[in-house]
Amino acid sequence: MGTPRTLYDKIWDSHVVDQLEDEAYILYIDRHLVHEVTSPQAFEGLRNSGRKVRRPDATFAVADHNVPTKDIEKGITDPESKLQVDTLEANTAEFGVPYFSMTDDRRGIVHIIGPEQGLTLPGMTIVCGDSHTSTHGAFGALAHGIGTSEVEHVLATQTLVQEKAKNMRVTVHGDLPLGVTAKDIALAIIGKIGTAGGTGHVIEYAGDAIRALSMEGRMTLCNMTIEAGARAGLIAPDETTFEYVKGRPYAPKAGMYEQAVAYWKSLSTDEGAHFDKEVELDASDLIPYVTWGTSPEDALPITGSVPAPGDFADEGKRGAAERALGYMGLTAGMKLTDIEVDHVFIGSCTNGRIEDLREVAKIVEGKKVKETVNAIIVPGSGLVKIQAEAEGLDKIFEAAGFEWRQPGCSMCLAMNADKLDEGDRCASTSNRNFEGRQGRGGRTHLVSPGMAAAAAVTGRLTDVRELM
Ligand SMILES: CC(C)[C@H](C(=O)O)[C@@H](O)C(=O)O
Ligand code: SF4
């Protein structure tokens, strides 16, 4: 028996190809996901040096950030967006990289289609030129974002130079109360440890509340791990994971699947393995969360009030709070439930999956979106859209007054036509509430899908439990 190892240690050890000097290692990459924003210079670099893509079969591309969510049949009108998507299409054709085009039903946000297609599997190393690659850690894969020069390196060599991160464990005990979701767990954790709380670490999530989460919920939680500053998030694979993966287009087929499961079962942290940092939470203490400021750590239970700068002991935090209150147009002390919204955005790689849409449908069925609110629902992929329509969810949404769109990143970061205007206030199921994130001067409150649905109906931030 060797030293007990964490799940992160195990995946790391099985992918180290070589050690360079100091702390730098060459890590083998099993899956490389590519989108249009961070890949153009990488392909250009390959072309300039006359290199090929080393493993096109381990690479997969899709356009998501710049795609319109309306009238996609008419193509992209914005010239910059069109150029980026056309460039990805041309590069994938030239280098032989598999690609779902803008008219393919299987397209969507890269972090939604990876799992959906079975491209994301337990024990893998997965990278993408995108910070929310942490999403795939929900499968017990070591998954993280990389920069464009690293995208080129991985395309050329199928390896990445990395330093090993430290181990951190976040344990969530107990059962989640009614109306509380994975999104609330994520916001509660970031509210507690801050956006630098995970810096230099890979976070493994453990505990009964995590085990009870669906794959969708686990993806939501791992997605937001990057907002806690960590390199990656991990959840050990279990029966929930194996069931989800089974039968997916790129997953191991019968025979191979059983062998794979036998291996995946070894992917958990050994008893007594060392964690450099431990955080514990009790799920039964949680209620629905919302952010009031311009950082994901500005998260509070919906029953709370907007804080005053003086509430923060740290001088830097006081200054940040003052600026955030100004930008958000909020007064210290006001109740969070008195904040009125004029937009609701439901979608993104955080909460654009089928389970999220079912949650929304449950809340809004038979109700109306408040007339002052502009509410859009953007499925995370074409397959999520098809599934939702097969279940009649689109009819429920449209009857309530939501706009039902085509898949893409959309108003999560406003690289396409879906944007907030100056001063607009939005309850959003996405992951970032930075200044200008959803459009210049736009104000974002991060919430779960149920909370977004509740805000759409009442026109203000609302405790979803009142509508259940
Ligand atoms: C455009 C892309 C590089 C970016 C990221 O890395 O996360 C985007 O997806 C985001 O969510 O801000
Ligand atoms: S949905 Fe948002 S967070 Fe996710 S990849 Fe797209 S822009 Fe980034």
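**Ligand shells, domains and a buried helix**

Trainee: How many nonpolar, polar and charged residues does the shell around ligand 1 have?

Mentor: Happy to start there, keeping in mind that this is a predicted model. By class, the shell around ligand 1 has two nonpolar, five polar and one charged residues.

Trainee: Which residues are around ligand 1?

Mentor: Glycine counts as polar in this classification, and Gly 145 is one of the residues around ligand 1. The others are Val 37, Thr 38, His 65, Asp 130, Ser 131, His 132 and Leu 413.

Trainee: Thanks! Where does ligand 2 lie with respect to domain 1 and domain 2?

Mentor: Let's begin with the division of the chain into domain 1 (1-287) and domain 2 (294-467). Both domains give residues to the shell around ligand 2, so ligand 2 lies between them.

Trainee: Which of the 13 residues around ligand 2 come nearest?

Mentor: By class, that shell holds five nonpolar, six polar and two charged residues. Out of the 13 residues, those that come nearest are Ser 348, Cys 349, Cys 409, Cys 412 and Leu 413.

Trainee: Which helix gives the most to the side of domain 1 that touches domain 2?

Mentor: The C-alpha centres of the two domains lie 24 Å apart, and their contact takes 41 residues from domain 1 and 40 residues from domain 2. On the domain 1 side, α4 (110-117), α6 (182-193) and α8 (215-223) each supply at least two residues. With six residues, the helix that gives the most is α6.

Trainee: And what is the make-up of that side of domain 1 by class?

Mentor: We are still on the side that touches domain 2. Its residues divide into 13 nonpolar, 16 polar and 12 charged.

Trainee: Is Glu 23 buried or exposed?

Mentor: Glu 23 sits in the loop between β1 (16-19) and β2 (24-28). Leaving aside neighbours within four places in sequence, Glu 23 is in contact with Glu 163 and Lys 164. The cut-off for exposed is 12 or fewer C-beta neighbours. Because Glu 23 has 9 inside 10 Å, it counts as exposed.

Trainee: How many residues of helix α13 are buried?

Mentor: Helix α13 spans residues 354-364, and its buried residues include Ile 354, Leu 357, Val 360 and Ala 361, together with Asp 356 and Glu 359. The helix is largely enclosed by the rest of the structure because so much of it is buried: eight of the 11 residues.

Trainee: Which residue with positive phi follows α13?

Mentor: Look just past the helix for a phi near 75 degrees. The residue there is Gly 366.

Technical notes: Residues are numbered from 1 along each chain as its sequence is written. Chains are lettered from A and ligands numbered from 1 in the order in which they are written. This is a predicted model: local features need pLDDT of at least 70, side-chain atom pairs count only at pLDDT 80 or more; totals for chains, interfaces and linings use all residues. A residue is near a molecule or strand if its C-beta atom, placed from the backbone, lies within 6 Å of it. Domain bounds come from an automatic or database domain assignment. Two residues are in contact if their C-beta atoms, placed from the backbone, lie within 7 Å. Helices (H or I, at least four residues) and strands (E, at least two) are DSSP runs, numbered from the N terminus. A residue is buried if 20 or more other C-beta atoms lie within 10 Å of its own, exposed if 12 or fewer, and partly exposed in between; C-beta atoms are placed from the backbone.
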